[in-house]
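Let's take a look at the surface of a protein and the hollows in it. Have the structure open and find each residue as it comes up.

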Amino acid sequence: MEAIREFQVLTNTYSAEHGRVAGGIVNAVTRGGENNFNGSLFEYHRNKSLDARNFFDPAQKPNFVRNQFGGSLGGPIKRDRTFFFTTTEVLRERLGVTTISPVPSAAIRAGTVNAKVKPYLDLFPEANVAGSVSQHSFTANQPTNSLFHRSRFDHQLEEGKSVFATYSIEVADRIRPSSYPSFSQKSQSRNQYLTLEG
């Protein structure tokens with residue numbers, strides 16, 4: 001958010017510069033440096049202290065800690081000619097997720113099962129939820145990490161003419177628990193963009 005100077009959403013009556021489009025148009029203008037050095041730091045913290053207990057959660061609320069922090073810095077490289085602006089934002093989240101999944105009942109486990117099927121049956125946890133349907137409840141941690149960085153450089157060539165370059169990188173990873181505690185899914189992403197305009 002520190003990198004955005006102007007944000008605009010157009011939903012109808014577009015001017016000719018936007019051509020013919022069927023949906024909305026989103027414009028975002030990034031911030032650039034100035035003749036004075038400016039910067040900022042921020043930290044956003046949240047945890048389970050003020051959260052309500054989910055209906056399916058055990059008596060003890062699962063862990064939850066979220067930290068979102070970062071900062072920005074901008075200023076001149078050469079006064080009145082060349083400027084820079086850079087910003088970084090980091091997210092660290094540790095979220096406890098409660099999952100309830102169907103599992104083979106005790107009657108099925110005790111029954112006659114083909115020897116080839118038995119090893120697969122043993123992969124499922126035993127039921128721990130009371131009720132007519134055999135279910136297993138567990139809480140797993142879902143860690144999320146992401147980093148976003150953007151740098152912009154502006155250079156004034158002459159009166160009314162300028163060029164700028166913007167570099168952005170976003171790296172993220174998350175481990176998601178599946179329906180059963182023995183399995184999880186890890187997703188990773190890395191996106192980089194370079195923009196040059198004169």
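Below is a short tour of two pockets and one surface patch.

## The largest pocket

Keep in mind that this is a predicted model. Its largest pocket holds about 230 Å³ of space. There are 14 residues in the lining, and if you want to find the middle, look for Asn54, Asp57, Pro62, Leu95 and Gly96, which lie nearest the centre.

Which strand gives the most to this lining? That's strand 5, residues 82-102, with 4 residues. As for chemistry, the lining of the largest pocket is a mix: 6 nonpolar residues, 4 polar ones and 4 charged ones.

## The second largest pocket

Next up is the second largest pocket, with a volume of about 160 Å³. Its lining is made up of Ala28, Val29, Thr30, Arg150, Arg152, Phe164, Thr166, Ser168, Tyr193 and Thr195.

Where do these residues come from? At least two are supplied by each of strand 2 (25-30), strand 6 (135-158), strand 7 (161-177) and strand 8 (184-197). Sorted by class, the lining of this second pocket has 4 nonpolar and 4 polar residues, plus 2 charged ones.

## A nonpolar patch on the surface

Now leave the pockets and look for Tyr120, Leu123, Phe124 and Phe183. Together these four make a nonpolar surface patch of about 440 Å².

To find your way to one of them, Leu123, go to the loop that runs between helix 2 (118-121) and strand 6. Strand 6 should ring a bell, as it also supplies residues to the lining of the second largest pocket.

Technical notes: Residues numbered from 1 in each chain as written. Predicted model: local features only at pLDDT ≥ 70, side-chain atom pairs only at ≥ 80, totals over all residues. Heavy atoms only, no water. 1 Å grid on protein atoms, 1.4 Å probe; cavity = no way out; pocket = protein on both sides within 12 Å on 5 of 7 lines; lining within 4 Å. Points joined across faces, edges and corners; volume = space filled by probe spheres on them. Nonpolar A, V, L, I, M, F, W, Y, C, P; charged D, E, K, R; others polar. Patch = residues over 30% accessible without salt bridge, like charges linked within 9 Å, V, L, I, M, F, W, Y side chains within 5 Å. Areas by Shrake-Rupley, 256 points an atom, 1.4 Å probe, with all protein chains shown as cover. Salt bridge = Lys/Arg side-chain N within 4 Å of Asp/Glu carboxyl O.
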